[in-house]
Amino acid sequence: MAELHTDRLVLRRWQDSDLEPWAAMNADPEVREYLGDLLTREQSDASVAQFQAEFDLRGYGWWAVQLQATGEFIGFAGLDQVDDGMPFTGVEIGWRLARSAWGQGYATEAALAGVAFGFETLGLPELLAVTTATNFRSQAVMRRIGMTRDPADDFDDPTAPEGPLRPNVLYRIARDVRG
């Protein structure tokens, strides 16, 4: 599995030391605001096991993100196959950071590393990003990394209950338009 380095970040395989801060993120209502229910420690640990299994299977997935300067775990970023049952297919790029890492450009920096890996290493023709219609911070990151949205692609997430998490937006970036 590739380890990615940016000016300030390392995107790497998950370590046991990541489990505690990852669980804290998944128990934080602000971090989970656009994702649904808070996760228990067991659910959080199980998600990391799933991330690792997907990496082993495909050679890409959700990397743990740490600060280069301190080694502090600050969240995840990476690429994943779009879930079955969605109204589109492809590879999705995403990120989730601890609140302490918000507003510092880390999500954009990690996402750009993921875009480069997806296009240059994997040779993917396109990457997708999905979020709730009200998650304006993530949509801003999507625009900053060069993604665009066609409102005709917006959809109701079939896995979300009725309510504010159901309306979703879809952003795209194609390899041939990346500048």
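**Entry 1. The pair 149 and 154**

I started with aspartate 154, which counts as partly exposed at 26% relative accessibility. The model I am reading is a predicted one. I looked for the partner of aspartate 154 and found a salt bridge with arginine 149. The closest N and O atoms of this pair are 2.4 Å apart. Arginine 149 is partly exposed, and its relative accessible area is 37%.

**Entry 2. Other salt bridges**

I then asked how many salt bridges there are by this rule. The count comes to 13.

I looked up aspartate 56 next. Its salt bridge is with arginine 13, and the closest N and O atoms are 2.9 Å apart. I noted that this pair links distant parts of the chain, with the two positions 43 residues apart. Aspartate 56 sits in helix α2, while arginine 13 sits in the loop between β2 and α1. Aspartate 56 counts as exposed because its relative accessibility is 56%, and the cut-off for exposed is over 50%. Arginine 13, at 30%, counts as partly exposed.

A further salt bridge joins aspartate 45 to arginine 41, again listed with closest N and O atoms 2.9 Å apart. Here both residues lie in helix α2, four residues apart, which is about one turn of the helix. Aspartate 45 is partly exposed at 26%, and arginine 41 is partly exposed at 33%. I checked whether other residues join in and found a network of salt bridges that links Glu20, Arg41 and Asp45.

**Entry 3. Aspartate 18**

Where does aspartate 18 lie? I found it in the loop between β2 (9–12) and α1 (19–26). Is aspartate 18 buried or exposed? Its relative accessible area is 1%, so I wrote it down as buried, the cut-off for buried being under 20%.

I followed the side chain of aspartate 18 and saw that it reaches the backbone nitrogen of glutamine 15 at 2.7 Å. Leaving out residues up to four places away in sequence, I listed the contacts of aspartate 18 as Arg12, Arg13, Ala64 and Phe73. I had already met Arg13 as the salt-bridge partner of aspartate 56.

**Entry 4. Glutamine 66**

I moved to strand β3, where glutamine 66 is found. Glutamine 66 is buried, with a relative accessible area of 15%. Its side chain makes a polar contact of 2.6 Å with the side chain of arginine 12. With residues up to four places away in sequence not counted, the residues that glutamine 66 touches include Arg8, Leu9, Val10 and Arg12. Gly71, Glu72, Phe73 and Ile74 are also among them.

**Entry 5. The nonpolar cores**

Which residues have the most contacts inside the largest nonpolar core? I noted Leu9, Leu11, Ile74, Ile93, Trp95, Leu127 and Met147, in a core of 34 residues. Several elements give two or more residues to this core, among them β2, β3 (62–67), β4 (73–81), β5 (91–97) and α3 (106–121). Also among these elements are β6 (126–132), α4 (136–144) and β9 (167–174). The largest share comes from α3, which gives eight residues.

There is a second, separate core of twelve residues, and it includes Trp14, Phe51, Phe76 and Ala98.

I took leucine 9 as an example from the largest core. Not counting residues up to four places away in sequence, leucine 9 touches Leu4, Val65, Gln66, Leu67 and Gln68, among others. Ile74, Tyr106, Glu109 and Ala110 are also on the contact list of leucine 9. Gln66 on that list is the residue of Entry 4, which I had placed in strand β3.

**Entry 6. Helix α1**

Which residues of α1 are buried? I found Leu19, Trp22, Ala23, Met25 and Asn26. They cover an arc of only 155° around the axis, so they are on the same side of α1. I then looked up what these buried residues pack against, and the elements are α2, β4 and β5.

**Entry 7. Alanine 49**

I ended with alanine 49, whose place is in helix α2 (residues 41–58). Alanine 49 is partly exposed, with a relative accessible area of 44%. I compared its position with that of tryptophan 14, which is 35 residues apart from it along the chain. The C-alpha atoms of the two residues are separated by 9.0 Å. Tryptophan 14 had come up before, as one of the residues of the second core.

Notes. Residues are numbered from 1 along each chain as its sequence is written. This is a predicted model: local features need pLDDT of at least 70, side-chain atom pairs count only at pLDDT 80 or more; totals for chains, interfaces and linings use all residues. Side-chain values use heavy atoms; hydrogens and water are left out. Buried means under 20% relative accessible area, exposed over 50%, partly exposed in between (1.4 Å probe, protein chains only). A polar contact is a pair of N or O atoms within 3.5 Å; within protein, one must be able to donate a hydrogen and the other to accept it, and residues adjacent in sequence count only if both atoms are side-chain atoms. Contact means heavy atoms within 4.5 Å. A nonpolar core is a set of buried Ala, Val, Leu, Ile, Met, Phe, Trp, Tyr and Cys residues joined through side-chain atoms within 4.5 Å. A salt bridge is a side-chain nitrogen of Lys or Arg within 4 Å of a carboxyl oxygen of Asp or Glu. The arc is that of the directions from the helix axis to the C-beta atoms.
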